[in-house]
Amino acid sequence: MDTLTTSLREYSAALFPDTNSKPKETAPGLMDALAASINIMQDKITRSRMVGDPPEILLTPSLEHIGLLEFHRAAEAIAEGYDTVERMWPEINRLLGTKS
């Protein structure tokens, strides 16, 4: 039973890290490795699809600092999306042939 409790604590700590404690330099856990693998795979798929059918404009919000499972940071990600659109608005209007 003690091993199960320890495993659950380690697993929950990986999913919900304590932001008040000092960051520890440890090897990535299972969830980190899985998230990184998914990110790499998604990047490869996106790049190969864009070669065959390139977009007229590419909006790339800066989200590297937000992890795959950090759903609690959705508002931050959405705000970055809005900022990206605002930065690219002149180019979007140029491509659409509209005025801002």
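Which side chain meets Arg87 in a salt bridge? In this predicted model, the partner of Arg87 is Glu80, with a separation of 3.7 Å from N to O. This pair counts as a salt bridge because the side-chain nitrogen lies within 4 Å of a carboxyl oxygen. The two partners differ in their surroundings: Arg87 is exposed, at 52% relative accessibility, whereas Glu80 is buried, with a relative accessible area of 16%. Glu80 is classed as buried because the limit for that class is under 20% relative accessible area.

A search of the whole structure finds five salt bridges. Side chains of opposite charge can pair when their charged atoms come close. Among the salt bridges, two involve Arg73. The side chain of Arg73 meets that of Glu76 at 2.9 Å, N to O, and Arg73 also forms a salt bridge with Glu70, where the closest N and O atoms are 3.2 Å apart. Glu70, Arg73 and Glu76 are thereby linked in a network of salt bridges. Both acidic members of this network are partly exposed: the relative accessible area is 26% for Glu70 and the relative accessibility is 34% for Glu76.

Helix H3 spans residues 74-96 and has 23 residues. The C-alpha atoms at its ends are only 29 Å apart, which falls short of the 33 Å that a straight helix would reach at 1.5 Å a residue. A bend of about 60 degrees is found in H3 at Met88, and a proline, Pro90, follows within four residues. The buried residues of H3 include Glu80 and Thr84, together with Ile92 and Asn93. An α-helix has 3.6 residues a turn, so residues three or four places apart point the same way. After H3 comes Gly97, which has a positive phi, near 70 degrees.

A nonpolar patch of about 650 Å² is present on the surface. The patch is made by Leu34, Ile38, Met41, Ile45, Leu68, Leu69 and Phe71. One of its members, Leu34, lies in helix H2, which covers residues 30-52. Leu34 counts as partly exposed because its relative accessibility is 45%. Leu34 therefore satisfies the requirement that patch residues have over 30% relative accessible area.

How values were computed. Residues numbered from 1 in each chain as written. Predicted model: local features only at pLDDT ≥ 70, side-chain atom pairs only at ≥ 80, totals over all residues. Heavy atoms only, no water. Patch = residues over 30% accessible without salt bridge, like charges linked within 9 Å, V, L, I, M, F, W, Y side chains within 5 Å. Areas by Shrake-Rupley, 256 points an atom, 1.4 Å probe, with all protein chains shown as cover. Helix = DSSP H or I, 4+ residues; strand = E, 2+ residues; numbered from the N terminus. Buried < 20%, exposed > 50% of the residue type's maximum accessible area, 1.4 Å probe, protein only. Expected span 1.5 Å × (residues − 1). Bend = angle between axes of the 7 residues up to and from the residue.
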